[in-house]
Amino acid sequence: MPALQPVRGTRDILPDESRRRRHVEETAFSIAERYGYGEISTPVFEFTDVFARTLGDVSDIVTKEMYTFADRGGDSLTLRPENTAGVVRAFLSNGLSQHLPLKLFYRGPMFRYERPQKGRLRQFHQVGVELLGVAEPLADVEVIALGADFLGALGLDDKVVLELNTLGDGESRVAYRSVLVDYLQAHRDRLSEDSLMRLDRNPLRVLDSKDERDRTVVADAPLITDSLNAASREFFDELISLLGQVGVAYRLNAKLVRGLDYYCHTTFEFTTDALGAQGAVLAGGRYDGLVQQMGGPPTPGTGWAAGVERLMMLIDEAPQAPRPVAVVPCGSDQVGVGLAISQKLRHAGFPVEFGYKGNLGKRLKRANKVNARTAVILGEDELSRDAAIVRDMDTGEQEEVLLASLEEHLGHYR
Ligand code: ATP
Ligand code: MG
């Protein structure tokens, strides 16, 4: 029988990579905490309606990317393709509308049936934040600044740019929609099939198309900025002025729309050109209508999500694992005492690698391989004097150290 393979678009994260992933996630969380965000974990699957009702029935996610299945009880469930809808569902299920403003951070796996390629997986990970209950541009500025600080803390300041746009309020979008449809209708012979379908149901989505044919049409399309009403323009102007106050640089991109239906006003994306076509690393915007759409009281919201795998590819190095102490018995007679010493050191906070077997040379080789800083070598002679040899694995220098002062001595190498 051939060995079983992982499902296409999924991957195993081995220890070295886990270290990078944790570094990305922990950095995000520590910055979010600095802004007063608390962590929320919602289930990886929800009733299908949670996503189908909110993401929009012509969004790419709902039409072709969801992992949807009937469970044994006949309910239609979906593996979460993103987490904003789940967070809002949790906000309503837990009756949190008395606790606004609410600032939430999340991390975890998301699932989308997409064509796997570099930076595009079927199970991937996101970190994200949501700020519920603040209608003013101040909230958008806060989440953008948080995102910028997070990417900065990963050392990515020079690798990413912030692109910024507004979709305006409902009235502005209706006005824009009609000029955009007129333009797109005039060029419908040059649009992809997907975009012809979007044309009737959600024409703004055409701006988001990755199809080359669509892109050339979109290049000359009318701009949303020309359709904004006074209130929407004021919102955007205020946002830009506040961004200046926090010193976050941005580039206006009037074609930036988000792939989901629930956005209004602010949309933004931190992008890089270091990852080919998968350039978006952190993306978000304002979703004032979403809570109401899910059956809750009108509640403004804004937030973002970042792709952890894409960020892992961008960062140089995660912090190294702490270098262990190798405990190396010279022979089987010293195994018992070696084990006791290992436990003592571990309980004192030292990472310890135990040399399981082989001759001394083999065990020291293994110590090198695990990047041990020091080796505690347990020979018969030294043990008879209640001592061990401590070897500096970088210089090769060795000295005899009394077991009673082992911890203190090894402490110098921390
Ligand atoms: P893209 O345009 O690349 O498909 P998106 O607009 O679908 O991105 P969002 O729904 O905004 O992505 O998700 C936020 C972030 O999650 C993206 O910016 C990206 O970094 C990451 N992401 C989205 N889909 C995937 C995927 N299939 N594999 C890995 N990362 C992903
Ligand atoms: Mg996508």
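This is a short talk on the overall build of one protein model and on one of its residues, Ser209.

Okay, hi everyone. Before anything else, keep in mind that this is a predicted model. Let's start with the whole thing and then zoom in.

So, what is the protein built from? There are 15 helices and 16 strands. Now, how spread out is the protein? Its radius of gyration is 28 Å, and the globule rule for 414 residues gives 22 Å, so the protein is more spread out than a compact globule. If you follow the C-alpha trace along the principal axes, you get spans of about 90 × 60 × 45 Å.

What about inside and outside? Of the 414 residues, 50% count as buried. The accessible surface adds up to about 20,400 Å², and carbon and sulfur atoms own 50% of that.

Then there's how the chain meets itself. Take the contacts with a separation of 6 or more: 69% of them are between residues 24 or more positions apart. And for charges, we have 49 positive and 60 negative ones, with their mean positions 5 Å apart.

Right, zooming in on Ser209. Where is it? Look at the loop that runs between α7 (193–201) and α8 (212–219). Is Ser209 buried or exposed? The cut-off for buried is under 20% relative accessible area, and Ser209 has 5%, so it counts as buried.

Who does Ser209 touch? If we skip the neighbours within four places in sequence, the contacts are Ser195, Arg198, Asp214 and Arg215. With Asp214 there's also a polar contact, side chain to side chain, at 2.7 Å.

That's my tour, thanks!

Note on methods: Residues are numbered from 1 along each chain as its sequence is written. Chains are lettered from A and ligands numbered from 1 in the order in which they are written. This is a predicted model: local features need pLDDT of at least 70, side-chain atom pairs count only at pLDDT 80 or more; totals for chains, interfaces and linings use all residues. Side-chain values use heavy atoms; hydrogens and water are left out. Helices (H or I, at least four residues) and strands (E, at least two) are DSSP runs, numbered from the N terminus. The radius of gyration is taken over C-alpha atoms; the globule rule is 2.2 Å times the number of residues to the power 0.38. Buried means under 20% relative accessible area, exposed over 50%, partly exposed in between (1.4 Å probe, protein chains only). Contact means heavy atoms within 4.5 Å. Accessible areas come from the Shrake-Rupley method with a 1.4 Å probe; for residues, only the protein chains shown count as cover. Lys and Arg count as positive and Asp and Glu as negative; His and the chain ends are not counted. The place of a charge is taken as NZ of Lys, CZ of Arg, CG of Asp or CD of Glu. A polar contact is a pair of N or O atoms within 3.5 Å; within protein, one must be able to donate a hydrogen and the other to accept it, and residues adjacent in sequence count only if both atoms are side-chain atoms.
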